[in-house]
Amino acid sequence: MFKHAKDSQVSITELMLPSHSNFSGKIHGGRILNLMDQIAFACASKHSRNYCVTASVNKVDFLNPIEVGELVTLKASVNYTGKTSMVIGVRVESENIQTGKVKHCNSSYFTMVAKDENGKNAKIPGLILDTEQSVRRFARSIARQEQTRTRSSRFKTSEFKVEEHIELIKTQNVKIEL
C-alpha cells in the first residue's frame, strides 16, 4: 500500500501567550519543541494509522525568535518512509497579527516509528512521490540518514583516533592536559 504525502499533512496554529515565554520575553524553545513533536506524531499516525513514537530529531535551529502575541503555525508532512519508520518534515512559522509579517522560525526532521497494539514495530504504507519536491525531500532524507551513520561510527570510542583531531581541537577555547 502506498499513500500521497498530502493525505497525511497536518497543520496547527496557536496563539503564543505570556505563559509560553522565557525570561527574555520570547517564546520558550521547549514550548515550540513540544508542539513540533505533537504535530510530527499526528502526521506520522495519520500516515501509518498506528500509534507512533519519536525515534530521533535531526537538527533543530531556532532561526528567528517568536514573540508573545504572535500566531505560530506548524506544518508537517511525510518526507520519507521505510518499513516501519518515517521522516516527518516540520516547518514552524510565526505571524505578527498586527502587521501580517510571517517569519520562518525553524524546520526540523522527526524520525517516527509506528507501533502496533502490542508495542511492536508496525509496517507502514510507502510514499507516492508525485512531484519533484517530494523526490528531493525523499532523497534528502536518505542522504541525512547516511550522514548520521557516518557521524556515529566516526566518533565511536573503539574507532576514535585522538591524533586525527588534536590539531583542530587546539584551535578552540580549550586547554588540553593529556
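Biologist: Where does Arg49 sit in the chain?

Modeller: Arg49 is in the loop between H1 and E3. Keep in mind that this is a predicted model.

Biologist: What makes the backbone of Arg49 worth a look?

Modeller: Arg49 has a positive phi of about 60°, and it is not a glycine. Most residues other than glycine have a negative phi.

Biologist: How do you know whether Arg49 is buried or exposed?

Modeller: The relative accessible area of Arg49 is 64%. Exposed means over 50%, so Arg49 counts as exposed.

Biologist: Which contacts does Asn50 make beyond its neighbours within four places in sequence?

Modeller: Asn50 belongs to the loop between helix H1 (29–48) and E3. Leaving those neighbours aside, Asn50 is in contact with Ser45, Ala114, Lys115, Asp116, Ala122 and Lys123. To call something a contact, you need heavy atoms within 4.5 Å.

Biologist: Let's go to Lys59. What is its phi like?

Modeller: Lys59 has a positive phi too, near 50°, and Lys59 is a residue other than glycine. You'll find Lys59 in the loop between E3 and E4.

Biologist: Why is Lys59 called exposed?

Modeller: Its relative accessible area is 57%. The cut-off is over 50%, so Lys59 passes as exposed.

Biologist: What makes Lys59 and Asp61 a salt bridge?

Modeller: The closest N and O atoms of Lys59 and Asp61 are 3.6 Å apart. The rule asks for a side-chain nitrogen within 4 Å of a carboxyl oxygen, so the pair qualifies. Side chains of opposite charge can pair when their charged atoms come close.

Biologist: And why is Asp61 put in another class than exposed?

Modeller: Asp61 has a relative accessible area of 35%. Buried is under 20% and exposed is over 50%, so Asp61 is partly exposed.

Biologist: On to the sheet. What is the order of its strands?

Modeller: This open sheet has five strands, in the order E2-E4-E5-E6-E3, and the pairing is antiparallel.

Biologist: What puts strands E2 and E3 at the edges?

Modeller: Strand E2 (10–15) and strand E3 (51–58) each have a single partner strand, so one side of each has no neighbour in the sheet. On average, neighbouring strands of this sheet are turned by 30° against each other, if you ignore direction.

Biologist: How do you know that E3 and E6 pair?

Modeller: Pairing takes at least two bridges. E3 and strand E6 (residues 102–115) have seven and run antiparallel, so they count as a pair. In that pairing, Val53 stands opposite Val113 in E6. Helix H2 (residues 132–154) packs on the sheet, touching E3, strand E4 (71–81), strand E5 (85–95) and E6. The direction of H2 makes about 80° with that of E4.

Biologist: How many bridges hold E5 to E4, and how many to E6?

Modeller: E4 and E5 pair over ten bridges, while E5 and E6 pair over eleven. Both pairings are antiparallel. E4 and E5 form a hairpin with three residues between them. E5 and E6 form another hairpin, with six residues between them, and Gly100 in that turn has a positive phi of about 80°.

Biologist: Why is E5 described as mostly covered?

Modeller: Nine of the eleven residues in E5 are buried.

Biologist: What makes Glu93 buried, and what class does Arg91 fall in?

Modeller: Glu93 has a relative accessible area of 17%, and the limit for buried is under 20%, so Glu93 is buried. Arg91, at 33%, is partly exposed. Their side chains meet in a salt bridge, 2.8 Å from N to O.

Biologist: Which salt bridge can you show me in H2?

Modeller: Arg149 and Glu146 meet in one, at 3.5 Å from N to O. Both lie in helix H2, three residues apart, which is about one turn of the helix. Elsewhere, salt bridges that share partners join Lys75, Arg91 and Glu93 into one network. The whole structure has nine salt bridges.

Biologist: Last one: which residues make up the nonpolar surface patch?

Modeller: Phe155, Phe160, Val162, Ile169, Val174, Ile176 and Leu178 form it, with about 630 Å² of accessible area together. Ile176 has 34% relative accessibility. Patch members need over 30%, so Ile176 clears that cut-off.

Methods: Residues numbered from 1 in each chain as written. Predicted model: local features only at pLDDT ≥ 70, side-chain atom pairs only at ≥ 80, totals over all residues. Heavy atoms only, no water. Patch = residues over 30% accessible without salt bridge, like charges linked within 9 Å, V, L, I, M, F, W, Y side chains within 5 Å. Areas by Shrake-Rupley, 256 points an atom, 1.4 Å probe, with all protein chains shown as cover. Buried < 20%, exposed > 50% of the residue type's maximum accessible area, 1.4 Å probe, protein only. Helix = DSSP H or I, 4+ residues; strand = E, 2+ residues; numbered from the N terminus. Axes fitted to C-alpha atoms, helices over the stretch in contact; angles between N-to-C directions.
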